[in-house]
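Biologist: I would like to learn how to read the surroundings of a ligand and a charged pair in a model; could you take me through an example?

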Amino acid sequence: MSVLVVYFSFEGNTKSVAETIGQTLHADIVELKTSKNYPTVGIGKYFWGGKSVVFGDKPALTNERINLSHYDTIIIGTPVWAGSFAPPIRSFVNDYQIRNKQIAIFASHGGGGAVKCFAKLKEALPENKFIGEVAYVGPKKNPESLESAAKWAEGLL
Ligand SMILES: Cc1cc2nc3c(=O)[nH]c(=O)nc-3n(C[C@H](O)[C@H](O)[C@H](O)COP(=O)(O)O)c2cc1C
């Protein structure tokens, strides 16, 4: 069974979980990159990021085209932005015909939870089978979160 971990991370939290899961499952990992850079400091980062979610932006991805037919399981990771998934994930969902896959999702958030974010991501990916979801607060600085993510990943397959 081939597994792909695909994620976007703005400040490294989702990345730390993605790398843990990827190593645990010996999966391929793709970090989604965009040509558009969001401001990284001050109130601007919340303003532009939040606005981009609200307007349903789909920033162009600069990654090489991924051949999804190689994978039967896709594990998608996102930070929670304005209660939803981050815009590059919307681009990914939009750019690829994702059907008949097993999908698991993980998120990093600032304390507001990921329930709505997961519901929206599932809604954006009909015709797939969801096999798990997990969310962490600031996992980058929390070894327990990363240990938990490794266990979660092991339990998926
Ligand atoms: C634009 C923006 C919007 C955010 N909105 C939320 C939110 O609605 N709820 C929440 O709990 N955290 C929110 N956060 C905090 C991030 O989800 C949190 O810091 C996460 O761990 C960042 O993951 P990353 O380091 O992979 O980018 C937001 C952060 C940014 C930059």
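**Reading the ligand site**

Modeller: In this structure, a backbone N or O atom of Gly83 lies 2.9 Å from an oxygen atom of the ligand, which counts here as a polar contact (a pair of N or O atoms within 3.5 Å). The model is predicted, so local features need pLDDT of at least 70 and side-chain atom pairs 80 or more, while totals for chains, interfaces and linings use all residues. Residues are numbered from 1 along each chain as its sequence is written, and side-chain values use heavy atoms, without hydrogens or water.

Biologist: Which distances separate polar backbone atoms of Val80 and Ser108 from an oxygen atom of the ligand?

Modeller: For Val80, a backbone N or O atom is 2.7 Å from a ligand oxygen, and for Ser108 a polar backbone atom is 3.4 Å from one. The ligand alone exposes 640 Å², of which the protein buries 87%, by the Shrake-Rupley method with a 1.4 Å probe.

Biologist: Which elements give two or more residues to the shell around the ligand?

Modeller: They are helices H1 (13-25) and H2 (42-54) and strands E3 (73-81) and E5 (102-109), these being DSSP runs of at least four residues for helices (H or I) and at least two for strands (E). H2 provides the largest share, 4 residues. In total 20 residues surround the ligand, and Ser9, Glu11, Asn13, Thr14 and Val80 are the closest, where near means a heavy atom within 4 Å.

Biologist: How should I read a charged pair, and which residue forms a salt bridge with Lys45?

Modeller: Side chains of opposite charge can pair when their charged atoms come close. The structure holds 6 salt bridges, each a side-chain nitrogen of Lys or Arg within 4 Å of a carboxyl oxygen of Asp or Glu. One of them joins Lys45 to Glu11, with the closest N and O atoms 2.6 Å apart. Because Lys45 lies in helix H2 and Glu11 in the loop between strand E1 (3-7) and H1, the pair ties together parts that are 34 residues apart in sequence.

Definitions and conventions: A polar contact is a pair of N or O atoms within 3.5 Å; within protein, one must be able to donate a hydrogen and the other to accept it, and residues adjacent in sequence count only if both atoms are side-chain atoms.
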